[in-house]
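Visitor: Hi, could you walk me through this structure while I look at it?
Guide: Gladly, so please open it beside this chat and ask whatever comes to mind.

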Amino acid sequence: MAISKRYLASLLVGTLAATPVWAADPIKIGVSQPLTGAVAASGNYVTNGARIAAAEINEKGGLLGREVELIIEDNKSNPREAVNAAEKLILSDKVPVIMGAWSSTYTLATMPKLEEYGVPMVVETSSSSKITKAGNPWIFRIAPTSAMEAQAFAKKLDNFDPPIKKVDFLSVNNDWGLGASQEFEKMFKANGIEIGRKETVSPDTVDLSAQLSALKGTGSDTLIMTSGVEQLTLGIRQAADQRLSQRIVTTGGSFPEPLLESPGPKGYTSSHLLFFSPWTPESSVYPDIAGAFVDAWAEAGYSFPGLSEGFRGYDGIMTIAAAIENAGSTEPDAIREALWDVQVKGVNGDISFFKDGPEGKESGQNEPNVYVVQLKDGEVSAQ
Amino acid sequence: MDQILQHVINAMVLGSTYALLGIGLTIIFGIMRVVNFAHGELYTLGAYTAYGMVTLINLDFFSSILVAALIGMLIGALIEYVFLRRKDLKNIDEVMLIMIGIMIIMQNLELMIWGGVAKIIPTPFSQDPISMGAIAISPTRVFVFCISAVLLVIFYLGIERTRFGLAIRATFQDQDAARIVGVNVKRIYTVTFALGSAMAAVAGALLAPMFVATPLMGDLASLKAFAIVILGGLGSLGGAALGGFLLAFIEEFGASYISSAYRDAFGFLVIIVVMLFRPQGLFAAKERVG
């Protein structure tokens, strides 16, 4: 008995010695991501990126002398659940700031709650232009809008050989997919490119063969596909199954990771618009930051391709941390004010916010970088 | 013309798996009057069993489907034996609640074990599609169609031509009469539930390599299975098979020639119309339930 008590005591001392002593309670940061459901892969990647950022901040001494604690809620790939998640984070966990909520639809559903309770949210993924145009002054988006993405893609049009002359669209039937197809259509028209057929697919559909068969005889040379990791994977595989002749370009920054391990037919090539290319971190604006993030990701044992979305979580939490540090406070109002002045060196590049939306009620919008990579036979190359 | 043929091929493949799903659900309802809300979870169980067998213990793909069927059968028999045999279960509502409970438990267990991220099940088939002119189809889909068709025929023959099938049909028509002539109705119940569950598990194991396996895949499958069974008529085996193909054709052609945005809605629209004009379903005789 005496031995076991002594053993327990030594264990306790050991544990205490290993834990850094923090000045006060931890600073809570809310995270709302789709950890289950139709877009679970992306949500888990983003959350892992956030975890890496929090661990790095705590290793360097925390924020304002306090530990950072992420309160992670699963919004279940569902706008109704996204509202519940935000309400739980704000009312029950009392977080002063949130990062979320991946899909534009979940973010748009969450936004009225932010205004109601006065809590800022850093939007890491959603790209619908409605988000920053809605006049919600609690929104700060680090992700590019679909319009920005389309403009960035316009600069890369010359890289395609044979050139793009006519495009079809296959988009997920929600704010993100429909918004992206609209913005890309505008951009293509402005560049004299013809628009073919536009197909949509509901977010949880797994069989896209009807849509793909309908796209077979359109005479287009390119198919713009917008959806999450799961549906991009299914879409590209099923398009190859049906020998669709169009080249596939995906938008939105998701990468069909499972195709690396189980590629489609030999020689089938697809292009992907990404906001971080983990295959070529040296081409990032800050190669050292991008490289360190890639290393930390590997050390945590996360799957490599998840990096292309995981960085969003990292950049999001680093942006929030910079705002809390600058504000010197954990009050939601002070954090919001400080967000307007942040200058963060992130994995994607520089992060800062300009005003977007109706005057007096502007949201913050960042102007991120866009990269294009090519996937062929399970190998990725920069384009 | 090529496009129509491509759509027909797509719909046939999809329809064959819908038929498997529908038959499993309808046989359980027809014989036991159990509305099996856990049907979609047995489908998911089949998918993950196949995934686990192929990737974790390197079993070949074909045996993994067989294992999925056996596990589905076992779990189905267990559910029937443990939860549905209680004497105090007289009410269809109580049984429904039990099945919803089982659905929630199974779904969360799947989530706990496999995580939320979708899994791809590797198959030994070539990734290169089989082409005939402008029509193309992947070898995996051809395989899925053939196995589903064979299973449907075996199931039909088993019910129509064997002594045990006769006992099942007798129980289906009148339980008391079947009991009087010596049919072991309790055993029929267990076997029926096991068979229905095995059908769902096989459908999951067959479809997952074509698509992906996720813990929530059962939700959509359940919804479709109910749609098929309502379309064909509750408890009608032939109705479920035809209902499966009908739903697949409606979805496929509705999506391509009207609007892909309403693909899932077309099926339900047709069901509403069927319910309005033929509430017993397309292929079932009228009866009062509950």
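Visitor: Which order do the 7 strands take in the open sheet of chain A that begins with strand 7?
Guide: In this predicted model, that open sheet of chain A runs in the order 7-6-8-9-10-15-16, and its pairing is mixed. Strands here (E, at least two residues), like helices (H or I, at least four), are DSSP runs numbered from the N terminus, and two strands pair if DSSP finds at least two bridges between them.

Visitor: And which are the edge strands?
Guide: They are strand 7 (194–201) and strand 16 of chain A, each of which pairs on one side only. From one strand to the next the twist averages 25 degrees, where axes are lines fitted to C-alpha atoms (for helices over the stretch in contact) and angles run from 0 to 180 degrees between N-to-C directions.

Visitor: In what sense do strands 15 and 16 of chain A pair?
Guide: They pair in the antiparallel sense over 4 bridges, and within this pair A:K376 stands opposite A:E379 of strand 16. The loop between strand 15 (371–376) and strand 16 (379–382) holds A:D377, which has a positive phi of about 50 degrees although it is not a glycine.

Visitor: How much of A:D377 is accessible?
Guide: A:D377 is partly exposed, with a relative accessible area of 31%; buried means under 20%, exposed means over 50%, and partly exposed lies in between, using a 1.4 Å probe and protein chains only.

Visitor: What about B:N58, what is its phi?
Guide: B:N58 is not a glycine either, yet its phi is positive at about 55 degrees. The residue sits in the loop between helix 2 (39–56) and helix 3 (61–83) of chain B, and it is exposed, with a relative accessible area of 65%.

Visitor: Back to chain A, what is the order of the open sheet that starts with strand 2?
Guide: Its 7 strands follow the order 2-1-3-4-5-14-13, again with mixed pairing. Strand 2 (68–74) and strand 13 (354–356) of chain A stand at the edges with a single partner strand each, so one side of each has no neighbour in the sheet. Inside this sheet, strand 3 and strand 4 (residues 121–123) of chain A pair in the parallel sense over 2 bridges, with A:I98 opposite A:M121 in strand 4.

Visitor: Where are the cis peptide bonds you can point to?
Guide: One joins A:G100 and A:A101, with omega about -5 degrees, and A:A101 lies in the loop between strand 3 (98–100) and helix 4 (104–117) of chain A. Another runs from A:D161 to A:P162, with omega near 0 degrees, and A:P162 is in the loop between helix 6 (146–154) and strand 6 (166–172) of chain A.

Visitor: Switching topic, how many cavities of 30 Å³ or more are there?
Guide: A search of the whole structure finds 6 of them, and the largest holds about 110 Å³ of space. On a 1 Å grid over the protein atoms alone, a cavity is a set of points where a 1.4 Å probe fits but cannot get out, whereas a pocket is an open set with protein on both sides within 12 Å along at least five of seven lines; lining residues have an atom within 4 Å of a point. Grid points are joined across faces, edges and corners, and a volume is the space filled by probe spheres set on the points.

Visitor: Which element gives the most to the lining of the largest cavity?
Guide: Helix 9 of chain A does, with 3 residues.

Visitor: And how much space is in the largest pocket?
Guide: About 1,100 Å³ lies there, and of the 50 residues lining the largest pocket, the closest to its centre are A:G37, A:A38, A:D204, B:L216 and B:M217. Helix 9 of chain B supplies the largest share of that lining, 6 residues.

Visitor: Is helix 8 of chain B mostly covered or mostly open?
Guide: Helix 8 of chain B is mostly covered, as 22 of its 26 residues are buried.

Visitor: How should I read the numbering and the cut-offs?
Guide: Residues are numbered from 1 along each chain as its sequence is written, while chains are lettered from A and ligands numbered from 1 in the order in which they are written. Local features need pLDDT of at least 70 and side-chain atom pairs count only at pLDDT 80 or more, while totals for chains, interfaces and linings use all residues, and side-chain values use heavy atoms, with hydrogens and water left out.
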